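Here are a few notes to go with your first look at this one. Have the sequence and the 3D view open as you read.

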Amino acid sequence: SELKVDESISHDGVCLTVVKVENNRHVVTAVEETLWRSSLNYKKEGDEINLERSMLLNGRLDGHIVQGHVDGMMACDKISEKNGSWIFRFHIKDAGRNLIVEKGSICINGVSLTVAKLSEKKFSVAIIPFTFEHTTFKNLKPGDEVNIEYDIIGKYVSRMMKGR
C-alpha cells in the first residue's frame, strides 16, 4: 500500500523502477540490457519471483550491500538436503571467478547469501529452512539459471587492482 511510482524494487535481484501502481499490482519496464543479462527474459506469467523493496538508511543492514545490478547468470548444478537445510551448488562462469570468496557474500536471485564452499569451478551456499520457504529457492531445480550479483566491494577492489 505504500508503494509509489518511481521507487526501485528488486525482482529476483534485478533493480527495476515502478512505473505504475494499481489494484495491488505494480508495473516495471525491463530494457534489453536487463533482459540479456538476467533470467527475467525467461519468466512467464505466473512464475514466482523474489521481491524486495529498497533498503531504508535508518535501520540495520542485514546481509551485504546489494544494489540490484545483476552481473550475469549461472546454472544451479546440484541441490541436496542436509540435516533440515539445503545446499545449492552452482557452476562458476569464468568472468566472475575472482569475485567469489569462500565465506564472502554473493547475491542469488536477490537473496544475500554467504558462500559456504568454493572450488575452482563451483561454489555452494547453504539455505536455512526460513529462506527456503520464503524465497524461490524452493522452486529451483538443477539446470535452472539464476541471477548473480557479486559483492560490490569485491568488484571495486578488483577494478582498482587491474589499474595498478
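1. Start with the second largest pocket, which holds about 530 Å³ of space. Keep in mind that this is a predicted model. Which residues should you click on to find the spot? Glu 52, Arg 53, Ser 54, Met 55 and Val 66 lie nearest the centre, out of 20 residues in the lining.

2. As for what builds that lining, β1, β4 and β8 (111–118) each put in at least two residues. The largest share comes from β1, with three residues. Sorted by class, you get seven nonpolar, nine polar and four charged residues around the second largest pocket.

3. Now for the largest pocket, with a volume of about 750 Å³. Its lining counts 21 residues, and His 11, Arg 25, His 26, Ile 49 and Leu 51 are the closest to the centre.

4. Which strands feed the lining of the largest pocket? At least two residues each come from β1 (8–11), β2 (14–22), β3 (25–28) and β4 (51–53). The class split here is eight nonpolar, five polar and eight charged residues.

5. Next, have a look at the barrel: six strands close up in the order β5-β6-β9-β8-β7-β10, with antiparallel pairing. On average, neighbouring strands of this sheet are turned by 45° against each other, ignoring direction.

6. One pair in that barrel is worth zooming in on. β8 runs antiparallel to β9 (residues 122–127), and three bridges join the two. Across this pairing, Leu 118 stands opposite Phe 123 of β9. You've met β8 already, as a contributor to the lining of the second largest pocket.

Methods
Residues are numbered from 1 along each chain as its sequence is written. This is a predicted model: local features need pLDDT of at least 70, side-chain atom pairs count only at pLDDT 80 or more; totals for chains, interfaces and linings use all residues. Side-chain values use heavy atoms; hydrogens and water are left out. On a 1 Å grid over the protein atoms alone, a cavity is a set of points where a 1.4 Å probe fits but cannot get out, and a pocket is an open set with protein on both sides within 12 Å along at least five of seven lines; lining residues have an atom within 4 Å of a point. Grid points are joined across faces, edges and corners, and a volume is the space filled by probe spheres set on the points. Helices (H or I, at least four residues) and strands (E, at least two) are DSSP runs, numbered from the N terminus. Ala, Val, Leu, Ile, Met, Phe, Trp, Tyr, Cys and Pro count as nonpolar, Asp, Glu, Lys and Arg as charged, and the others, Gly among them, as polar. Two strands pair if DSSP finds at least two bridges between them. Axes are lines fitted to C-alpha atoms, for helices over the stretch in contact, and angles run from 0 to 180 degrees between N-to-C directions.
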